[in-house]
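Let's take a walk through a protein together. Keep the sequence and the 3D view side by side as you read.

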Amino acid sequence: MNVTLNRAVKRSAAIAVALVLALTSSAGIGAQAQSRASKSFLWKVQSGSRVMFLAGSVHALSKDVYPLSPAFEQAFAASDTLVEEIDLGTAGMLALAPMLLAKAMYQDGRTFDKAVSKETHDLVVAQLKGLPMAAELIRPMKPWMVMLTLSAMQLQQAGLDPSLGLDQHFYDRATAAGKSVIGLETAESQIDRFDTMPESLQEQMLRSTLDEIDAENKEIAATVAAWRRGDAPSIERDVLLGLKKYPAAYQSLIVERNNNWMPQLEKCLARTTPCLVVVGAAHLGGPDGLLTLLQRKGYKIEQQ
């Protein structure tokens, strides 16, 4: 691989790391100011006198979504521990890029153009037509990496910034304030959920990304507007229903992770001081969402 191409691949890997950390959660652009009558995408969870705050995150935003609503500020002030999908202090893009490259690139001589249909390959190259050496750039990548790279590039083109996402916002504030930070899982475990998908499923999800890419900006804006007004049913409809077209992916990316996180959330509810839990908005709603799982356990849920 020549030096120029190697640098391009590493840049794409760094971009894709940010998207991998977002996984299935919505990402979007700034929407209009939140109405005073609106709720926040934030719930107070109670077990007797014990309290936990559960927030749904958008992982890439723009500056105009800040400042946040008073409900978010009050939840942060009341909590001495921040719980997020991963501890962002251990998940910098430069640190993760080598591991991502090792998993996302074929190590056995196979190439992307041989792993997918000619139609899929040609559609990807056409989508990347403005990128020098596009065919060579994607040649060593597995289909899931190509999918994430396309999505990450789209986020960049839309002016979205992962450093302005809700989880990064609260991580920066928590570390500055000396609050404890806990990760529910590792970045490598998140990446593995894509890497262990059958290649046929990876290609199906890549094709879905290609099919929807032109309409995605409007959908992103609508999703973030729903998030700004605390509209969990709309997030479920706009984000989860699309993923449910791929049951194996939905099971791995949403259902299994939600169930894996529940013991840690219950530990938070056993504490005398609150935790603020911030996970992707797609994890909260629906019959398999964290809100439903908590309600089934008998906890009291109140949107803020």
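The paragraphs below go from the whole chain to the sheet, and then to a few single residues.

Before we start, keep in mind that this is a predicted model. The protein chain has 14 helices and six strands. It counts 304 residues, and 54% of them are buried. About 13500 Å² of the chain is exposed, with 52% of that area coming from carbon and sulfur atoms. Now look at contacts between residues at least 6 apart in sequence: 86% of these join residues at least 24 apart.

Next, find the sheet. In what order do its six strands lie? Reading across, you meet S4-S3-S5-S2-S1-S6, in an open sheet with mixed pairing. Strand S4 (180-183) and strand S6 (300-303) stand at the edges; each has a single partner strand, so one side of each has no neighbour in the sheet. From one strand to the next, the twist averages 25°.

Let's zoom in on one pair. Strand S1 (residues 42-47) and S2 run antiparallel, joined by six bridges. Within this pair, Lys44 stands opposite Phe53 in S2. A helix also packs on the sheet: helix H8 (residues 166-176) touches S2, strand S3 (81-84), S4 and strand S5 (275-280). The direction of H8 makes about 150° with that of S3.

Now for the loops. Follow the chain from strand S2 (50-57) towards helix H2 (70-78), and in the loop between them you will find Pro67. The peptide bond that joins Tyr66 and Pro67 is cis, with omega at about 5°.

Another loop links helix H5 (118-127) and helix H6 (134-138), and Met133 is found there. Met133 is not a glycine, yet its phi is positive, near 55°. Is Met133 buried, exposed or partly exposed? Its relative accessibility is 36%, so Met133 counts as partly exposed.

Our last stop is Gly230, in the loop between helix H11 (216-228) and helix H12 (232-243). Gly230 counts as buried because its relative accessibility is 8%, and buried means under 20%. Which residues does Gly230 touch, leaving aside its neighbours within four places in sequence? They are Lys39, Ser40, Phe41 and Gln303. Take Phe41 as an example: it is 189 residues away from Gly230 in sequence, but the two C-alpha atoms are 4.2 Å apart in space.

Definitions and conventions:
Residues are numbered from 1 along each chain as its sequence is written. This is a predicted model: local features need pLDDT of at least 70, side-chain atom pairs count only at pLDDT 80 or more; totals for chains, interfaces and linings use all residues. Side-chain values use heavy atoms; hydrogens and water are left out. Helices (H or I, at least four residues) and strands (E, at least two) are DSSP runs, numbered from the N terminus. Buried means under 20% relative accessible area, exposed over 50%, partly exposed in between (1.4 Å probe, protein chains only). Two strands pair if DSSP finds at least two bridges between them. Axes are lines fitted to C-alpha atoms, for helices over the stretch in contact, and angles run from 0 to 180 degrees between N-to-C directions. Contact means heavy atoms within 4.5 Å. Accessible areas come from the Shrake-Rupley method with a 1.4 Å probe; for residues, only the protein chains shown count as cover.
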